[in-house]
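Good morning, and thank you for the time. I would like to take you through one model, beginning with a single residue and then widening the view.

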Amino acid sequence: QAVSSSREGHRPSRQSTLRKAEQQAGASAMCCNQLVSWICALLLPPLGMFWRFGCGLQLCISIVLTALGYIPGVIHACVMIGCDTPERFEEKCRERPAE
């Protein structure tokens with residue numbers, strides 16, 4: 001029995017395995033979301049900002065910069081998509097318990 005209990009201690013529980021799979025799925029979803037945002041930002045900067053951040057201040061700034069010129073809109077969109085994390089992803093990370 002001592003041998004079997006020590007083996008069970010090293011085997012990951014079903015719950016921790018499910019958490020890891022959930023985290024991997026969330027990471028790939030965020031990666032896919034960011035990739036689509038990059039593509040949209042290169043084609044039409046406000047669309048990329050809307051895809052990543054939704055309707056808000058960043059979208060308004062992107063629309064104004066794109067109206068002033070395509071290049072400032074693309075630069076703003078690429079910097080924001082590459083450097084800033086949307087609040088909805090930050091909230092999901094805070095909700096998950098630490099292992």
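Let us start at Ile81, which, leaving aside its neighbours within four places in sequence, is in contact (heavy atoms within 4.5 Å) with Gln34, Ser37, Trp38, Ala41, Gly48, Met49, Arg52 and Phe53. Before going further, please note that this is a predicted model: local features need pLDDT of at least 70, side-chain atom pairs count only at pLDDT 80 or more, and totals for chains, interfaces and linings use all residues. Residues are numbered from 1 along each chain as its sequence is written, and side-chain values use heavy atoms, with hydrogens and water left out.

Ile81 belongs to the largest nonpolar core, a set of seven residues completed by Ala41, Met49, Phe53, Leu59, Ala77 and Met80. A nonpolar core here is a set of buried Ala, Val, Leu, Ile, Met, Phe, Trp, Tyr and Cys residues joined through side-chain atoms within 4.5 Å; buried means under 20% relative accessible area, exposed over 50%, and partly exposed in between, with a 1.4 Å probe and protein chains only. Helices α3 and α5 are the elements that give two or more residues to this core, and α5 supplies the largest share, three residues.

Turning to α5 itself, its buried residues are Gly73, Val74, His76, Ala77, Cys78, Met80 and Ile81. Why is a span of 20 Å expected for this helix? Helix α5 has 14 residues (70-83), and the expected span is 1.5 Å times one less than the number of residues, so 20 Å should result; the end C-alpha atoms are 20 Å apart, which agrees.

On the surface, Leu35, Ile39, Leu43, Leu44, Leu47 and Phe50 form a nonpolar patch with about 600 Å² of accessible area together. Patches of this kind join nonpolar side chains (Val, Leu, Ile, Met, Phe, Trp, Tyr) within 5 Å, from residues with over 30% relative accessible area and no salt bridge, that is, no side-chain nitrogen of Lys or Arg within 4 Å of a carboxyl oxygen of Asp or Glu. Both α2 (14-43) and α3 (45-53) supply at least two of the patch residues, and the largest share, three residues, comes from α2. Leu35 lies in α2 and counts as exposed because its relative accessibility is 52%.

Finally, the whole chain. The protein has six helices and zero strands, where helices (H or I, at least four residues) and strands (E, at least two) are DSSP runs numbered from the N terminus. Of its 99 residues, 25% count as buried.

Note on methods
Patch = residues over 30% accessible without salt bridge, like charges linked within 9 Å, V, L, I, M, F, W, Y side chains within 5 Å. Areas by Shrake-Rupley, 256 points an atom, 1.4 Å probe, with all protein chains shown as cover.
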